[in-house]
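I opened this model to look up helix packing, the chain contact and the hairpins. My notes follow in the order I took them.

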Amino acid sequence: MLGKLKGLWPFVAFGVGCVLVHQLLRVTETEYCFTQLTMSLYYSMVVIGLCLLMGYAGQVSLGHGGFFAIGGFTSAILTTFDFSKLKGTSLAAFLKQIHMFVSREDLFGNQVMNVSPWAAFVAAMLVTFVIAALVGYPALRLRGHYLAMATLGFGLIVNKIVLGTSFTGAADGINGVPEWKLGLGLAVSGKSAARVQNYYLACGLVLLLLILLRNLVHSRVGRALQAIHDRETAANALGINTSAYKLKVFILSAMIAAMAGVFFTHYTAGIGPSEAGALKSIRYVALAAAGGMASLWGVTCVSTLLNYLSLRGIFGSYDNAVFGAILILIISLAPEGPFKAVREWILGRKKEECRMQKNKNRLAREVGV
Amino acid sequence: MDSGNLALQYLLSGVTKGSIYAVVAIGFNLIYSATGVLNFAQGEFVMLGGMVAVTLAHFAPLPVALTGAVIIVALIGCLLELLFFRNLRRQSVLHLIIITIGLSIVIQEAALHIWDEKVRSLPYFSGNEVSSVKLWGAAISPQVLWVLGTVACTVALLHFFLKYTLQGRAMRACSSQPEAAMLAGINIGNMRTLAFGLSAGLGALAGCVISPITMTHYEMGGPLAIKGFAAAILGGLGNPMAAVAGGLLVGLLEAFSVSRLPAAYNDVTAFLVLLLVLFVRPHGLFGRASAESVREH
């Protein structure tokens, strides 16, 4: 029993940490920080999903910004496109009855009829599932660096299509996305009155994701994934269906990214084409590497912190260069992640001290002191 | 302009762009053959070549500026290899590729801060923006002839270098059998540095010669690298000459896609080519299926 409780302490610590941050911001009256903090929590969700793919299944994806954008844009388009032309038809009446369509007043005071946010969310998940399956099936048969290029190409295709189509808002993106009432009095919205609520919502979502993924990692599936990461041929020989596992993990991480995209879009009431760009996708990879590719907690902490700093503008005009530099430094000096490298260094020092002490003792004995 | 002339115009535009992709693809191939790494910073070499040449052209005549730019960027390429790749051999190839991606971002941002976000260009080598040459009914800028001529000469010289000179043959030996090359007394490390310097220099030359037509700005490296990679893969990795064919094909496909799809999507065509080649025929048009396994299984 105690062992199980021991395993729970990181989650409890995370929860306590969230409350502490809230109190800190309240006391120092810097509650405007909540906005960027919530945004970086949503970005961290993408990185956590990517961590599952890169750290456990060992597949590189440089296109997760594309999935984030697919999720965000699908829900943005569906919840802002005016279906009023169908107003008189029975189809519209039926859809309204099952709460898929809602009538509301938009920013300019016009009466519009859009898809309800819940239905848009489900649609976004379905679209992402299909696209991830279509892209993943041929892509995951490729070797490491070709997979990286293929996913990069995919992300860029999404970016360029969204950028070039006026339907998706071209370079401006889509604005005026309505809030999403989740029921139970919760709503994902950008209103400053709901800031704290949305912060805890994001924290709760990240916590839920971590719990689910931790369970996944500590199960048969997780062990199979690690086997695939270590030596794929051997895993195949053991009877693990490597291509099925890789595809499933790819689709799962894509859907996590898309979910983060939907929540993000409703929170910031809009989305732009830069979310699908190569720079964002590479940033996610850099953060996954910097957090330690197989460490879910390391990734969460590092990603939230760095995204928050980046959103606050601490890096100034060097924003992208910082993430590029992080990527280079981490991969060249500590590819398993900095925490592991530091821990090994500390353990190495301890071993060194132990050995020196033993030598001293042995020498002392021989001299006869 | 009748459709025949229009097609010819597209053809020439495609060949022009394609020759630049061909040079980038050759650079990819050179480094891939020598080190097994896909150098994503290849596109940045092209950008740097143009930028450095524009800066040098302010206080030196054009030929000096061009030579200076090529030499400086070649040295930068050698420097990158020495700093990042010489001591990191124990890393897996995937890690090295991710490092090059990080490098391309850092170079891009450095270019943004050294120069600025303005679009620059070299002066036209002969004539100016409005001069045009009539070629079988299509009107093209003389700069296009410069581009095609330069790339053709470069490819020919490179072919000659790789096939008939000692250093070139040493580089080819290095790429096909590194251990045997080491036994033969070839310094693998220096060959790798040479490969990097050579592809950087070639990229810089391409960047200079295309600068009056497509302008040079700090962001041009990224899409160029991906399209160049698409061209390299289309021709088949490991074969620098096939890269030329790949580059021309990608350029032509992109140019003709403008005639069908809205212009904003012409980048998408090149990226789609990349995905299609990777999914359907990863060893490219001229590569052998068994040679270098692109697929896991």
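I began with α13(A) and α4(B). This is a predicted model, and I read the geometry as such. Helix α13 of chain A covers residues 319–333, and its axis lies 8 Å from that of α4(B). The packing angle is about 155 degrees. Angles over 145 degrees count as roughly antiparallel, so that is the label for α13(A) and α4(B). I noted the crossing as left-handed.

Next I listed the residues of this contact. From α13(A) I have A:Asn320, A:Ala321, A:Gly324, A:Ala325, A:Leu327, A:Ile328, A:Ile331 and A:Ser332. From α4(B) come B:His95, B:Ile98, B:Ile99, B:Gly102, B:Leu103, B:Ile105, B:Val106 and B:Glu109. Sorted by class, the contact of α13(A) with α4(B) holds 10 nonpolar, 5 polar and 1 charged residues.

I then widened the view to the whole contact of the two chains. I find 35 residues of chain B in contact with 34 residues of chain A. On the chain B side, α4 (93–114), α9 (221–235) and α11 (266–280) each supply at least two residues. Which helix gives the largest share of that side? It is α4(B), with 12 residues. The side of chain B that touches chain A has 26 nonpolar, 5 polar and 4 charged residues.

Staying in chain B, I looked up α2 (residues 42–57) and α3 (residues 62–85). Their axes are 8 Å apart, at an angle of about 140 degrees. That makes α2(B) oblique to α3(B). The crossing of α2(B) past α3(B) is right-handed. On α2(B), the contact residues include B:Phe45, B:Leu48, B:Gly49 and B:Val52. Among those they meet on α3(B) are B:Leu62, B:Ala65, B:Leu66 and B:Gly68. By class I have 14 nonpolar, 3 polar and no charged residues in the contact of α2(B) with α3(B).

I also checked the length of α1(B), residues 3–35. At 1.5 Å a residue, its 33 residues should span 48 Å. The end C-alpha atoms are 46 Å apart, which agrees. B:Gly36 follows α1(B) and has a positive phi, near 80 degrees.

Back in chain A, I took α2 (residues 33–56) and α11 (residues 278–290). The axes come within 9 Å and cross at roughly 70 degrees. Are α2(A) and α11(A) roughly parallel or roughly perpendicular? They are roughly perpendicular to each other, because 65 to 115 degrees is the range for that label. I logged the crossing of α2(A) and α11(A) as right-handed. On α2(A), the contact uses A:Val46, A:Val47, A:Leu50, A:Cys51 and A:Met54. On α11(A), it uses A:Tyr284, A:Val285, A:Leu287 and A:Ala288. The class count for α2(A) with α11(A) is 9 nonpolar, no polar and no charged.

Last, I went through two hairpins of chain A. Strands β1 (residues 101–105) and β2 (residues 111–115) pair in the antiparallel sense over 5 bridges. A:Glu105 has A:Gln111 in β2(A) as its bridge partner. There are 5 residues between β1(A) and β2(A), and A:Gly109 takes a positive phi near 90 degrees in this hairpin.

Strands β4 (residues 180–183) and β5 (residues 186–188) of chain A also pair in the antiparallel sense, over 3 bridges. I found A:Val188 in β5(A) to be the bridge partner of A:Trp180. This hairpin has 2 residues between the strands, and A:Leu184 takes a positive phi near 60 degrees.

Technical notes:
Residues are numbered from 1 along each chain as its sequence is written. Chains are lettered from A and ligands numbered from 1 in the order in which they are written. This is a predicted model: local features need pLDDT of at least 70, side-chain atom pairs count only at pLDDT 80 or more; totals for chains, interfaces and linings use all residues. Two strands pair if DSSP finds at least two bridges between them. Helices (H or I, at least four residues) and strands (E, at least two) are DSSP runs, numbered from the N terminus. Two residues are in contact if their C-beta atoms, placed from the backbone, lie within 7 Å. Ala, Val, Leu, Ile, Met, Phe, Trp, Tyr, Cys and Pro count as nonpolar, Asp, Glu, Lys and Arg as charged, and the others, Gly among them, as polar. Axes are lines fitted to C-alpha atoms, for helices over the stretch in contact, and angles run from 0 to 180 degrees between N-to-C directions. Angles under 35 degrees count as roughly parallel, over 145 as roughly antiparallel, 65 to 115 as roughly perpendicular and the rest as oblique. A crossing is left-handed if the near helix is turned anticlockwise from the far one by less than a right angle, and right-handed if clockwise. The expected span of a helix is 1.5 Å times one less than its number of residues.
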